[in-house]
Amino acid sequence: MAVGYLVTVLLAALIVVFCLVRIRGPKPLFYVSYRLGLVFNEIPFLALYALVASTALAFAEGDIATAADRVSVGLAAASAAGLVVVARRGMRAAPAVRLALDEALGAGTGTRRRPPLARILLRPIFRRRGDVKRVANLSYGDAGRRNLLDVYHHRSRPEGGSVLIHFHGGHYDQGRKNTQSLPLLYRLASQGWVCISANYRLRPAFSHPDHVIDAKKVIAWAREHAEEYGASPEAAVFVSGSSAGGHMAALAALTPDEPSYQPGFEEADTSVTAAIALNGYLGEYFDGDPATSPVNLVRSDAPPFLIAHGDLDELVETENPKALVTALRSVSTSPVVYVELPGGHHAFDLFHSFRFEALIDGIEEFAAWVVSGASRPHDAT
């Protein structure tokens, strides 16, 4: 019996299950399913390549000799089919994004684009681009490495670009600036944007409102320094975040120039042009204070929002972001784009996948709509 081949096939089968089904169970099982799912739900081709190569090698070496081995081959075929299903489900993100844009911004806003197949299929984990330079570890505050940021800009430094600020996730107690949404940052920087990814102070040493104060410091830093890297003097400033970073981005966007979040820099302009929340937790902070929930901070002059969430998110149910969408649409005069990604897990923004590339296309179109100054009747939401 080809034991090594069987182990490979069983692992592939588990990956398929973890991708297709939202696992709720004991912590060890949840941890394994979450870690494997967040990788292979976005890049199932890597598992498919390994499975095909392992099967071909087993046949070439004559290891498929018993009935049990043939059962392994059958399971491999079923697992391969399951990985194809995972991949096709990721491809459904593109029409979902187009529909969400059309519904919120007007028919024809979401356009069909050809996905970068070579990048998705052959080098999904390589995020860097030759035309983009990363300037690392610039200080924006006095909290050491937790107050450092990176700037991504086009090497030619074209003038007049917009600014995107991104905050990482990690339950407010872990994570770092150069890990999440990098395909988005590099894509926009290659288009002339100035993109910023920032660390911030973490629990348990720090808590609310320290995180939001750091977010405001980054916004103030961007308004003061982004022009040095090619941004327009009157640049549109977009704030974005993943998971806990999405919570930070929403709070920052809904509290422009709030003095209690700007101790020592109360006069700085911390308003933003638009906000983007990716797989974000958008409710109350750990202390349960209602004032820490973006839902309770909505306002008529809120900036445009784009909120994207996976329908299989293991950590944050879709009802959480939908509550903010409903609250914003009830009072805000700005558009609110809500994209529910078919088959999306919690961390869908790590790699070049069909799902995230389609969403990046949508973010580009959303940003172009916002920057263009387009408007529409409030009741169109």
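Which residue of β6 is the bridge partner of Ser242? It is Leu278, and the points below work outwards from there. Please keep in mind as you read that this is a predicted model.

1. **The β5–β6 pairing.** Ser242 and Leu278 belong to a pair of strands, β5 and β6, that run parallel and are joined by five bridges. If you click through β6 in your viewer, you will find that five of its five residues are buried. The cover comes from both faces: Ala274, Ile276 and Leu278 are buried on one side, and Ala275 and Ala277 are buried on the other.

2. **The other neighbour of β5.** Strand β3, residues 163–167, also pairs with β5, residues 237–242, in the parallel sense and over five bridges. A handy place to look is Ile165, whose bridge partner in β5 is Val239.

3. **The sheet as a whole.** These strands are part of an open sheet of eight, with the order β1-β2-β4-β3-β5-β6-β7-β8. The pairing across the sheet is mixed. At the edges you will find β1 (132–139) and β8 (336–341), each of which pairs on one side only. On average, neighbouring strands are turned by 15 degrees against each other, direction ignored.

4. **Helix α9 on the sheet.** Helix α9, residues 244–254, packs on the sheet and touches β3, β5, β6 and β7 (305–310). The direction of α9 makes about 150 degrees with that of β5. This helix is well worth a look, as 11 of its 11 residues are buried; among them are Gly245, Gly246, His247 and Met248. The buried residues of α9 pack against β3, β5, β6 and β7, and also against the helices α8 and α10 (319–331).

5. **Helix α7 on the sheet.** Another helix to find is α7, residues 182–190, which lies across β1, β2 (148–154), β3 and β4 (194–198). Helix α7 runs at about 45 degrees to β2.

6. **Ala222 in α8.** Helix α8 covers residues 210–225 and holds Ala222. Is Ala222 buried or exposed? Its relative accessible area is 3%, so Ala222 counts as buried, the cut-off being under 20%. Leaving out residues up to four places away in sequence, Ala222 touches Val163, Ile165 and Ile196. Ile165 is the residue of point 2 that is bridged to Val239. For a sense of scale, the C-alpha atoms of Ala222 and His211 are 17 Å apart, with these positions 11 residues apart along the chain.

7. **Helices α3 and α4.** Turning to the helix pairs, α3 (residues 44–60) and α4 (residues 67–91) pack at an angle of about 160 degrees, with their axes 9 Å apart. Why are they called roughly antiparallel? Because angles over 145 degrees count that way, α3 is roughly antiparallel to α4. The crossing is left-handed. Among the residues making the contact are Phe45, Leu48 and Phe59 of α3 and Val73, Leu83 and Val86 of α4. By class, the contact has 12 nonpolar, two polar and no charged residues.

8. **Helices α1 and α4.** Helix α4 also packs with α1, residues 3–20, here at about 30 degrees and with the axes 9 Å apart. The two are therefore roughly parallel to each other, and the crossing is left-handed. Residues of α1 in this contact include Tyr5, Leu6 and Cys19, and those of α4 include Val73, Leu83 and Arg89. The contact divides into 16 nonpolar, three polar and one charged.

9. **Helices α5 and α11.** The axes of α5 (residues 93–105) and α11 come within 8 Å and cross at roughly 20 degrees, so these two helices are roughly parallel to each other. This crossing is right-handed. Here Ala93, Ala94, Val97, Leu101 and Leu105 of α5 meet a set in α11 that includes Arg355, Phe366 and Trp369. Nine of the residues in this contact are nonpolar, one is polar and two are charged.

10. **Arg355, a residue to inspect.** Arg355 sits in helix α11, residues 354–371. With a relative accessible area of 1%, Arg355 is buried. Apart from neighbours within four places in sequence, its contacts include Asn41, Glu42, Arg89, Ala93, Leu341 and Phe348. Of these, Arg89 also takes part in the α1–α4 contact, and Ala93 in the α5–α11 contact.

Technical notes: Residues numbered from 1 in each chain as written. Predicted model: local features only at pLDDT ≥ 70, side-chain atom pairs only at ≥ 80, totals over all residues. Heavy atoms only, no water. Pairing = 2+ DSSP bridges. Helix = DSSP H or I, 4+ residues; strand = E, 2+ residues; numbered from the N terminus. Axes fitted to C-alpha atoms, helices over the stretch in contact; angles between N-to-C directions. Contact = heavy atoms within 4.5 Å. Parallel < 35°, antiparallel > 145°, perpendicular 65-115°, else oblique. Left-handed = near helix turned anticlockwise from the far one by under 90°. Nonpolar A, V, L, I, M, F, W, Y, C, P; charged D, E, K, R; others polar. Buried < 20%, exposed > 50% of the residue type's maximum accessible area, 1.4 Å probe, protein only.
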